Amino acid sequence: MRTVINAGHIIAFQDGGHRHLTGGHIVVENDRIAHVGGGTFTGEADEIIDARHQIVTPGFVNTHAHISESPLDKSFVEDRGPRNFYLSGLFEFLTARKGALTDQARRAAVEFSMAELIRTGTTTIVEMGLMGPYVAEQAEKSGLRAWIGEMYSSTTWFTDDGRTVGYRPRGDDGAAGLAHAVQFIKDYSGRANGRIQGFLSPAQVDTCSEDLLRKTKALAADMGVPTALHTSQSVPEFQEMVRRHGCSPIEWLDRIGFLGPELLMGHAIMPGGSSWVNYHAPDLDLLAGSGTNVTHCVWVYCRRGIAMESYSKYLDRGINMTLGTDTCPQSMIEGLRWTAVMSKVQDRRTEVATAADVFNSATLAGAKALGRDDLGRIARGAKADLLFWDAASTFMTPLRDPVRNIVYSAQTSDLRSSMIDGRFVMRDHIIPGYDEPTLAANLQQGAQHMWDHMHVEDWAHRSIDQLSPNSFPAYRA
């Protein structure tokens, strides 16, 4: 199957980086790009797509998501952040939510996420959760490219007073969870023309023992898969690791040999040297020197008043900075914009964290973190994972620099179509196989049950209205 795309603008790959091609074409043969060139293609093709009034870019590689839960953050976690946990919602809000979630709600969230991710630019997702088989099933159905890791840990968080964090041992030091994660990789990796892949995902640096992480590192090397670990994501976590080991979380991971180019480090937003922890450590140098990848999820933090200090400085150190969504909205479009803006605010400089920087993070850097040089670019031999943007819409006009317009001005409605593996997973705003009103209704049902049962696992048995009061009181009829 040969498909030819004649486009007004193409962000193509050449000489080791993205380049802006005006008035060019892309030839797609089956699932890969066979040719990129200037002018209009005149050869034979099974289908010729007229995108002369569109911008064609690589699809975005979203390196951090929890799709069975994140849509349920909405109307719940915003405007809330316990000061006793330095604004982090991990220890109260996530615990209360976990105890109130049903399998129906999680399945509804996964299905909803497929449409949301595709509609907002993700073509490759890195998912960490506990519903791997169902995520794989839905990713195969939707056409999404997915790396899936079943999370496991040695301990779990808890608080019984809203002031301190405790750790409850699992009993087997996470052995059963690790075995399950390994079996998932064996059972599912390579499905759907290779679009489904597995990786190892120990949950958090403070909930995993040294032995569990060492076993993870060895197994990942044997299996040739990436790893992901939440690290330096909150002040309580940082303080706990200093208490245990007398060093920062990243220093400890370096000591036990866990850092490296196969690791996607979730967040790393509070390293040594950050004003949030007020603790000197050479963490950024360790990340850069080891080739460790950082998955930056700007919105989950900045909505609580927390910002990386700063994204541009990590880039300057040579750290491979990738982007993820983590929470709702699961929009890479929003992620690009907020990453650029928040870094500029932190640095008080406008010429840093440029549109090119964040676009590279969402494409080439994400592909590098996964060990794939055939993703995140429009080049011969690369996978045909493409985004089609309107070039003459209200938000995209006038157009001179497509990447700046996408990063600073584009809305979801400007993303017209999305192609993965040479097949349209969204065309002219329609996502085949997904009835979005039904997806929303199912998610609403699951959310209502969750809100009604927040008290079950909350340490103080608070209702949803006590944990997260509505913005305005109810109207008295």
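Cysteine 302 counts as buried, at 15% relative accessibility, where buried means under 20% relative accessible area, exposed over 50% and partly exposed in between (1.4 Å probe, protein chains only). Cysteine 297 is likewise buried, with a relative accessible area of 1%. The structure holds zero disulfides, a disulfide being a pair of cysteine sulfur atoms within 2.5 Å. For cysteine 297, the nearest cysteine sulfur is that of cysteine 302, 11 Å away. The model is a predicted one, in which local features need pLDDT of at least 70 and side-chain atom pairs count only at pLDDT 80 or more, while totals for chains, interfaces and linings use all residues. Residues are numbered from 1 along each chain as its sequence is written, and side-chain values use heavy atoms, with hydrogens and water left out.

Serine 154 offers a second buried site, with a relative accessible area of 5%. This serine sits in the loop between β7 (145–152) and β8 (155–158); helices (H or I, at least four residues) and strands (E, at least two) are DSSP runs, numbered from the N terminus. Its side chain makes a polar contact of 2.8 Å with the side chain of aspartate 173. Such a contact is a pair of N or O atoms within 3.5 Å; within protein, one must be able to donate a hydrogen and the other to accept it, and residues adjacent in sequence count only if both atoms are side-chain atoms. A polar atom of the serine 154 side chain also lies 3.0 Å from the backbone nitrogen of serine 209.

Turning to charged pairs, a search of the whole structure finds 27 salt bridges, each defined as a side-chain nitrogen of Lys or Arg within 4 Å of a carboxyl oxygen of Asp or Glu. Lysine 217 and glutamate 262 form one of them, at 2.5 Å from N to O. This pair links distant parts of the chain, 45 residues apart: lysine 217 belongs to helix α5 (residues 210–223), and glutamate 262 to the loop between α7 (249–255) and β13 (263–267). Lysine 217 is partly exposed at 26% relative accessible area, and glutamate 262 is partly exposed at 25%.

Aspartate 50 and arginine 52 form another salt bridge, their closest N and O atoms being 2.8 Å apart. Here aspartate 50 is partly exposed, with a relative accessible area of 44%, whereas arginine 52 counts as exposed at 54% relative accessibility. Elsewhere, a network of salt bridges links Asp31, Arg145, Lys383, Asp385 and Asp421.
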